[in-house]
Amino acid sequence: MPDELRITRRDFINGFALSLAAGTSLSPLEILAREQRSSGVYPPALTGLRGSHPGAFEVAHALALNKARFPRPQADESYDMVIVGGGVSGLAAAYFYRQREGPGKRVLVIDNHDDFGGHAKRNEFDVGGETLLCYGGSQSIDTPSAYSPTARKLLDDLGIDVARFYEYFDRGYFARRGSGPAIYFDAAAYGRAATVPNIFGDYRSAARLAHLDETIAAYPISRAARQALKRLLSDRVDYLAGRGNDEKLKLLGTTSYSDFLRRHAGMPEEVVGLLRDSIKGLWGVGWDALPALEACYETQPGTRALGIAIPGDNDDAGIDEPYIFHFPDGNASIARALVRDLVPGCVDAATMEALVTADLDYSRLDDASLACRIRLNSTAVDVRHTGSGERVDVTYVRNGRPESVRARHAVLACYNSMIPYICPEVPEKQAQAIGYAEKIPLVYVSIAVRNWRAWDELGFHSVYAPRSTYMHSFGLDFPVSIGNYRFTKAPSAPTVLHGTFVPTEPDKGLSYREQARAGRRRLLEMSYDDHETLILDQLDGALGPGGFDAARDVAAITVNRWPHGYAYEYNPLFDSPQYSPAHGPHVAGRARIGRISIANSDASAYAYVDGAIDAADRAVNEQIGGGA
């Protein structure tokens, strides 16, 4: 297979944001959307600090951290189903419930944010008359061949045909331009700044190995570190020679990859630090807190000659499936497709292609005439059974005032850790099970730039920044063209950069959960100005040699801040090796409570969109099939 086609599901290929093809006339929805933008009530176009934005979390923090209590007014609306949380899981729960119980059922979805979608957030920019799209969270449809039948059917029902991305995602674009991945060595961490080719992009290829000496010679590390790195990348050494397969598996499962490199591969700290942060975007933590066995799955340097056989490793079926199933706004298009079908008339887009550039009428979401309504800027503070237990009262705070609604059923599709605070009927053991996991803090940065000449000049499309104080990776967005949306091919045209910042406390002996808690504290203490300063400094440092000037070239920045980001996935370095999405504390944590069920990716212990969908399916089935 040609190198340009070797894009697997684990790759993080940054591409080009797309310029919107200009229309010749405006529909009523397009006119309304422009009015929404001008009045500041069109959430996707808002820049600055987004994600868990100001106004979205204060009530929840008052409840959980300060033990605040809110009045429970008499319910003034009645529904068949009330869903707390308007992310993919909550929207899917609404969809499944109406699909299985009938479209006439009254459903209310409430969410504390000013936009629906949860982590599947859409970012829009207007730069010089060009509309650019990016994603503020949930990124892609990962390995759709491994989706459950229910999740696959939902995509089909929504008109999302993943096979079309083989046409829409230009997998050979970067290769044709001669553009590759780079490493940015920050002067603060390495003594001098350098933006040079990234040898780790495909270190096993003959082309990379042919230029190994030349590439590594440009790295600002010591001569001894360069020699050690060369040995690690070029030698086929079994660093655990003499041990049996079971002994190797036990060692790799109980040793971090960083420690494996130190103790068994004999790598100096410079090399260990160089590799440490490369996995952050996938796990939300570095190799200092992940087992070496995970590095074997990821075929990291030093693991390819270990010769281990992993029992029950059935991942091969999907590993060659390319990582190309990506809308320009990420999985926000899935959320928009769900909302389109739940709220008739809010968006005029019958196909997945039209949905990408269609305008959405937010004023339609909470229309009293509709059977299904979506109520934003509403934070749930109390969910409990009422009377003889035949109904559920849901109290939420909107515009600083508590309001209540009543329902036959409720699904809690919000942040899992908040459930014991808003639902006093959660048993203590169940609350403890919910509290076992830690949401992983995460920031996705969308940066609209007026051109990408510097990238073209340098010959790079993405950057890995080891030991960075901010983004560990950033680059040009995915090269996807769909419907009327075309990715930007001219370096003089505006585009969007995507960056990832995961606050961690590496190499301090902290566990996965401890690093998540420390990172969350750090993230909540940062202002937008803090983020902006770090972003602009990092871009100037990495791209300055190509002529980039942040003050001149950056048009807008959206910082999608998620202090409670990725769902917690079990890490055998710190969790029981028996824990998995099928078994672990999360199973007890998601137990049904009468007419209240729980649905979110946390309840699946799986930080992917199909985990959220499967949780919604389970929760709805509990309610409609459980005799309640």
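Is Lys 248 buried or exposed? In the predicted model considered here, Lys 248 has a relative accessible area of 6% and is therefore buried, since that value falls under the 20% cut-off. The residue is part of helix H11, which covers residues 245-254. When residues up to four places away in sequence are set aside, the contacts of Lys 248 are with Asp 238, Leu 240, Arg 243, Leu 306 and Ile 308.

The overall dimensions of the protein give the setting for this residue. For a chain of 628 residues, a compact globule would be expected to have a radius of gyration near 25 Å, and the 24 Å computed for the protein agrees with that expectation. The C-alpha trace spans about 75 × 60 × 45 Å along its principal axes, and the secondary structure consists of 26 helices and 19 strands. Of the 628 residues, 58% count as buried, and among the contacts that link residues at least 6 apart in sequence, 74% are between residues at least 24 apart. The surface exposed by the protein amounts to about 24100 Å², of which carbon and sulfur atoms contribute 48%. As regards charge, 67 positive and 78 negative side chains are present, and the centres of these two sets are separated by 3 Å.

Strand pairing was examined around strand E14, which comprises residues 460-464 and is mostly covered, five of its five residues being buried. Strand E7, formed by residues 180-185, runs parallel to E14 and is joined to it by four bridges, and within this pairing Ile 183 has Tyr 464 of E14 as its bridge partner. Strand E15, formed by residues 473-476, pairs with E14 in the antiparallel sense over three bridges, and here the bridge partner of Tyr 464 is Ser 473 of E15. Tyr 464 is thus named as a bridge partner both of Ile 183 and of Ser 473.

Val 196, which lies in strand E8 (residues 194-197), is linked by contacts to residues of this region. With a relative accessibility of 11%, Val 196 counts as buried. Although Val 196 and Ile 183 are 13 residues apart in sequence, their C-alpha atoms are 5.5 Å apart in space. Beyond residues up to four places away in sequence, Val 196 touches Ala 182, Ile 183 and Phe 185, together with Ala 218, Tyr 219 and Phe 460.

Backbone geometry was also considered at two loop positions. Thr 299, situated in the loop between helix H15 (292-297) and helix H16 (316-319), has a phi near 50 degrees, which is a positive value in a residue other than glycine. Its relative accessible area is 30%, so that Thr 299 is classed as partly exposed. Asn 377 occupies the loop between strand E9 (372-375) and strand E10 (378-386) and likewise is not a glycine, yet has a positive phi of about 55 degrees. The relative accessibility of Asn 377 is 40%, and this residue therefore counts as partly exposed. Thr 299 is accordingly partly exposed, as is Asn 377, whereas Lys 248 in the helical setting described at the outset is buried, and Val 196 in its strand is buried as well.

How values were computed. Residues are numbered from 1 along each chain as its sequence is written. This is a predicted model: local features need pLDDT of at least 70, side-chain atom pairs count only at pLDDT 80 or more; totals for chains, interfaces and linings use all residues. Side-chain values use heavy atoms; hydrogens and water are left out. The radius of gyration is taken over C-alpha atoms; the globule rule is 2.2 Å times the number of residues to the power 0.38. Buried means under 20% relative accessible area, exposed over 50%, partly exposed in between (1.4 Å probe, protein chains only). Contact means heavy atoms within 4.5 Å. Accessible areas come from the Shrake-Rupley method with a 1.4 Å probe; for residues, only the protein chains shown count as cover. Lys and Arg count as positive and Asp and Glu as negative; His and the chain ends are not counted. The place of a charge is taken as NZ of Lys, CZ of Arg, CG of Asp or CD of Glu. Two strands pair if DSSP finds at least two bridges between them.
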